[in-house]
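Welcome to a small set of exercises on reading a protein model. Take a moment with the sequence and the 3D view, then try each task before you read its solution.

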Amino acid sequence: MSFKDASAFMIVLQVIPELEAGGAERTTLEVAEAVIADGGRALVASQGGRLEDELAALGGELLRLPVASKNPLTLWSNMRALIGIIEREGVQIVHARSRAPAWSAKWACDRTDAHFVTTYHGTYNARSALKRRYNSVMALGERVIANSQFIGEHVRAEHGVDEARLAVIPRGVDLERFDPAVVASGRVADLARSWGVDDLAGAPLLLLPGRLTGWKGQREAIRALASLNGMDPAPHLLLVGDAQGRETYIAELEALAGSLGVAERVHRVGHCSDMPAALAFCDLVLTPSVEPEAFGRTAAEAGAMGRLVIAADHGGAREVVIEGETGWRVAPGDSQALAAAITTALGLDRNLHDRMTQAARDHVAAHFSTRSLQASTLRVYHEVLNSSP
């Protein structure tokens, strides 16, 4: 990989609470890869997580700090640690990706020569003046990156960030990894066996990727599944994602599925490290979040894999899913509308299905590639480095 617009060696420190699965975490690795390919050094201050090994394999350097903490004393301590890293390693840019560590990073940059860049990864709802102040750090970067047009509009409205500082850079999909042509059938079969669902041949498979939390729409998907009890063969729902300790919510989902008579058709399979194989295994992807997604990376990954998506009609999903062309959008929280869309999707004739899946792949390739995200982020970095102090 090489980036023709890159010209200067740079040392970039990204700051993110953890390196578990998630869009912000994955983007952190993708940007680290770009910096390294450009001849620079990619440092990451984080508590770490399951993506540590991937970061190391790319050549990134993890600096372990308790940056997930919101404790004011810890924020101050982290500031001092970041100052030490900046001065010791010659860091030129600190790129913050979450609010608590962003405060530590901002204070550290104010006390050193490092440039401060932020990525606004969500809407960060503000229910009080204090919370709005807490959120505001994500709009204080010399450049503020929004990960979708939806988030860009939010940043303009909420913080008044001017166009000179704002850069809209959508999250990217690795089009080489999320390519149905490179996902061997053996990978898919192995994944199905590991999930214990390799005996579902012939049944429509609905995939809902996302951590198990109420706003991701698992309740609505289970209710929609129950509305399809008369379908033959009846669909199965695969819930892919960590519970992250939400045992009460898991119990609620199990009770709901049991009360609606679909417990045998709801499969909670946990975290998946091979999402291309998971997408290849399913027939349809659901992203029915009841709160707006900042971007909708799952929908974009599904599109790249030639899988049609039914998404909630709000947030960044509106940029990824084109109604009736690459998938469908339904009213948030409306399980009946979701069920109707599932019926439509599963009833498509083969020619229309193939045209829509190709349109989905083309749309993602044109607008949401990892390559584009990397090049655009490097461009922002070089603009910052070449700006006046």
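Five exercises on this predicted model follow, each with a worked solution.

**Exercise 1. The whole chain**

Task: Describe the secondary structure of the chain and decide whether the chain is as compact as a globular protein of its length.

Solution:
- Step 1: Start with the elements: the chain has 15 helices and 13 strands.
- Step 2: Now compare two values. The radius of gyration is 21 Å, and the globule rule gives 21 Å for 389 residues, so the chain is as compact as a globular protein of that length.
- Step 3: Add the dimensions. Along its principal axes, the C-alpha trace spans about 65 × 45 × 40 Å.
- Step 4: Look at the contacts with a separation of 6 or more: 71% of them join residues that are 24 or more positions apart.

**Exercise 2. Surface and charge**

Task: Find what share of the residues is buried, and describe the exposed area and the charged side chains.

Solution:
- Step 1: Of the 389 residues, 55% count as buried.
- Step 2: The chain exposes about 16,200 Å², and carbon and sulfur atoms supply 48% of that area.
- Step 3: For the charges, there are 39 positive and 47 negative side chains. The centres of these two sets lie 5 Å apart.

**Exercise 3. Cysteines**

Task: How many disulfides does the structure hold, and why does C282 form no bond with the closest cysteine?

Solution:
- Step 1: The structure holds zero disulfides.
- Step 2: Recall the cut-off: a disulfide needs two cysteine sulfur atoms within 2.5 Å.
- Step 3: The closest cysteine sulfur to that of C282 belongs to C272 and is 11 Å away, so the two are too far apart for a bond.
- Step 4: Check the surroundings too. C282 is buried, at a relative accessible area of 2%, and C109 is also buried, at 6%.

**Exercise 4. A peptide bond to look at**

Task: Is the peptide bond from D232 to P233 cis or trans, and where is P233 found?

Solution:
- Step 1: Begin with the background: most peptide bonds are trans.
- Step 2: Now look at omega. From D232 to P233 it is near 0°, and the bond is cis.
- Step 3: Follow the chain around this bond. P233 sits in the loop that runs between α8 (218–227) and β9 (236–240).

**Exercise 5. Three residues, three settings**

Task: For A21, V44 and E301, say where each one lies and whether each is buried or partly exposed.

Solution:
- Step 1: Place A21. This residue is in the loop between β1 (11–15) and α1 (23–37). With a relative accessible area of 39%, A21 is partly exposed.
- Step 2: Find what A21 meets. Beyond its neighbours within four places in sequence, A21 is in contact with R50 and H271. A21 and R211 are 190 residues apart in sequence, yet their C-alpha atoms are 9.2 Å apart in space.
- Step 3: Move to V44, which lies in strand β2 (residues 41–46). Its relative accessible area is 0%, so V44 is buried.
- Step 4: List some partners. Setting aside residues up to four places away in sequence, V44 touches several others, among them L13, L19, L55 and L63. The C-alpha atoms of V44 and L65 are 9.6 Å apart, with their positions 21 residues apart in sequence.
- Step 5: Finish with E301 in helix α11 (residues 297–304). Buried means under 20% relative accessible area, and E301 has 12%, so E301 counts as buried. Apart from residues up to four places away in sequence, E301 touches V173, F178 and L279.

Note on methods: Residues numbered from 1 in each chain as written. Predicted model: local features only at pLDDT ≥ 70, side-chain atom pairs only at ≥ 80, totals over all residues. Heavy atoms only, no water. Helix = DSSP H or I, 4+ residues; strand = E, 2+ residues; numbered from the N terminus. Rg over C-alpha atoms; globule rule 2.2 N^0.38 Å. Buried < 20%, exposed > 50% of the residue type's maximum accessible area, 1.4 Å probe, protein only. Contact = heavy atoms within 4.5 Å. Areas by Shrake-Rupley, 256 points an atom, 1.4 Å probe, with all protein chains shown as cover. Lys, Arg positive; Asp, Glu negative; His and termini not counted. Charge placed at Lys NZ, Arg CZ, Asp CG, Glu CD.
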